[in-house]
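Please look through the structure below slowly, with the sequence beside it, and let the paragraphs that follow guide you from one place to the next.

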Amino acid sequence: MKAVRLYGAKDIRIDEVEEPGAPEAGWIQVEVGWAGICGSDLHLYADGPMWPATPDVDRPQPVTGANLPFTLGHEFSGTVTALGDGVDGLAVGDRVAVMAGVWCGKCAACKAGKTNLCENRWGLGLSGLGGGLSAKVNMPAKVAVPVGDMALEHAAMIEPLSVSTHGVRLAGVKEGDVVVIGGAGPIGVFAAAVAHAKGARVIISEPNEARRRTAVDTGVAFLGVDPMSEDLKAIVERETNGHMADVAIDAAGVIPVINSLLDVVKVGGHLQLIAIPQKQWEVNIANQLHHSEVTVTGTYGYVREDYEDSIALINSGKLDLDPYISAKISTDEIVDKGFATLMDRASTAVKILVDPRA
């Protein structure tokens, strides 16, 4: 079968590899339906391995022991084709969305229910034991979440959607809130969609006109703001009659964006950081936090509750993912029509899906 494998920076190859054998006890086999290309995949392609999350040239991945090359793909869906011994709650033929992070269940974080912060976590499509950019993959049964009759194209987007669902949940967004989101890439648009589904009024701040328009035209944001030419704080003040935003969510990971969001949150409001900035954030604690009593929370990944919430939103009809599928491509097109498109700063693509069987 074909597999998209990372060998190093700018070195991705379409290899012929053996199909996985029968799954071991507690594991299942999934025939992949669709796999999405994530920002993390773009970083791996541009910059090479990111040890310890991935294997490196001279260092195996600490948990899996895997080395380069490894199969990419951690946003994917599929159909269960085989069950290992002792697997309950799943059946051959079930459609599933796959949680990329695998947890140990034994560390302090896992025992506290924060499996996303597991001390021994490893990632499908990242850490070397198979990924969704292949026709079939074996995985622990606990990371496969049934989606019912949901289209596999939509199920492949549950992974990034759940990152946003997790952040919106931690932010405590509720009906009637005004939520300002910085960044209208996939995570920002999905955060807007989840907040909108909860009854919030969303303002999205994004310099890319096409991405702003997507958020507004799909109805998940009632207003799009260009922070390069417009005064976000003045607009939020005007739209809220001076109340300001109940919640602000950073989905850009850019320090000036984070600072602009902190400026639009009301006294006692909340700033939720989803994106991970590449630079350190310097904050005036006395003036920006103590004197406003704004709470700031980080977030990482998701837990199963977020997958189940995301699946329920889609199956209820409250969230339509079709407008955010920018293209469907084959594995042979992944560099030219996948990575190249998404790495183009002028690109308007939200999510590109790959058929690993093609």
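The crossing of helix 7 and helix 8 is right-handed, and this pair of helices is a good place to begin, bearing in mind that the whole model is predicted. Helix 7 covers residues 232-239 and helix 8 covers residues 255-264, and their axes come within 9 Å while crossing at roughly 30°. Because angles under 35 degrees count as roughly parallel, helix 7 and helix 8 are therefore described as roughly parallel to each other. On the side of helix 7, the residues that take part in the meeting are Leu232, Lys233 and Val236, and on the side of helix 8 their partners are Ser260, Asp263 and Val264. Sorted by character, the residues of this contact between helix 7 and helix 8 comprise 3 nonpolar, 1 polar and 2 charged.

Another pair of helices gives a second example to set beside this one. Helix 1, made of residues 39-47, and helix 11, made of residues 334-343, have axes that come within 10 Å and cross at roughly 100°. Since angles from 65 to 115 degrees count as roughly perpendicular, helix 1 and helix 11 are therefore roughly perpendicular to each other. Here Asp41, Leu42, Tyr45 and Ala46 of helix 1 meet Val335, Phe339, Leu342 and Met343 of helix 11. The residues of this contact divide into 7 nonpolar and 1 charged, with no polar residue among them.

Which loop should you search to find Pro52? Pro52 lies in the loop between helix 1 and strand 4, the strand formed by residues 70-71, and the peptide bond that leads from Trp51 to Pro52 is cis, with omega near 10°. The loop between helix 1 and strand 4 is also the place of Pro69, and a cis peptide bond, with omega about -10°, joins Leu68 to Pro69. For background, most peptide bonds are trans, and most residues other than glycine have a negative phi.

The second half of that background leads to two further loops. Lys10, which sits in the loop between strand 1 (2-8) and strand 2 (11-16), has a phi near 55°, a positive value in a residue other than glycine. Lys10 counts as exposed because its relative accessibility is 53%. Glu293 likewise is not a glycine and yet has a positive phi of about 55°, and you will find Glu293 in the loop between helix 9 (285-290) and strand 16 (295-298). With a relative accessible area of 61%, Glu293 is exposed.

Two residues in strands can now be taken one after the other, and for each of them the question is whether the residue is buried or exposed. Val4 lies in strand 1, and because its relative accessibility is 0%, Val4 counts as buried. If its neighbours within four places in sequence are left aside, Val4 is in contact with Ile12, Arg13, Ile14, Phe70, Thr71, Leu72, Leu133, Thr331 and Ile334. The C-alpha atom of Val4 is separated by 19 Å from that of Glu159, a residue 155 places away along the chain. Glu16, in turn, belongs to strand 2, and its relative accessibility of 62% is the reason why Glu16 counts as exposed. Not counting residues up to four places away in sequence, Glu16 touches Met1 and Lys2. Between Glu16 and Pro277, which are 261 residues apart in sequence, the distance from C-alpha to C-alpha is 37 Å.

The last stop concerns the cysteines. A disulfide is a covalent bond between the sulfur atoms of two cysteines. How many disulfides does the structure hold? The structure holds 0 disulfides, and two of the cysteines can be followed to see the reasoning, for which you need the cut-off that the two sulfur atoms must lie within 2.5 Å. The cysteine sulfur closest to that of Cys38 belongs to Cys118 and is 20 Å away, so the distance is too far for a bond. Cys38 itself counts as buried, because its relative accessibility is 14%. For Cys110, the closest cysteine sulfur is that of Cys107, and because the two sulfurs are 3.6 Å apart, they too are too far from each other for a bond. Cys110 is also buried, with a relative accessible area of 9%.

Conventions. Residues numbered from 1 in each chain as written. Predicted model: local features only at pLDDT ≥ 70, side-chain atom pairs only at ≥ 80, totals over all residues. Heavy atoms only, no water. Buried < 20%, exposed > 50% of the residue type's maximum accessible area, 1.4 Å probe, protein only. Axes fitted to C-alpha atoms, helices over the stretch in contact; angles between N-to-C directions. Helix = DSSP H or I, 4+ residues; strand = E, 2+ residues; numbered from the N terminus. Parallel < 35°, antiparallel > 145°, perpendicular 65-115°, else oblique. Left-handed = near helix turned anticlockwise from the far one by under 90°. Contact = heavy atoms within 4.5 Å. Nonpolar A, V, L, I, M, F, W, Y, C, P; charged D, E, K, R; others polar.
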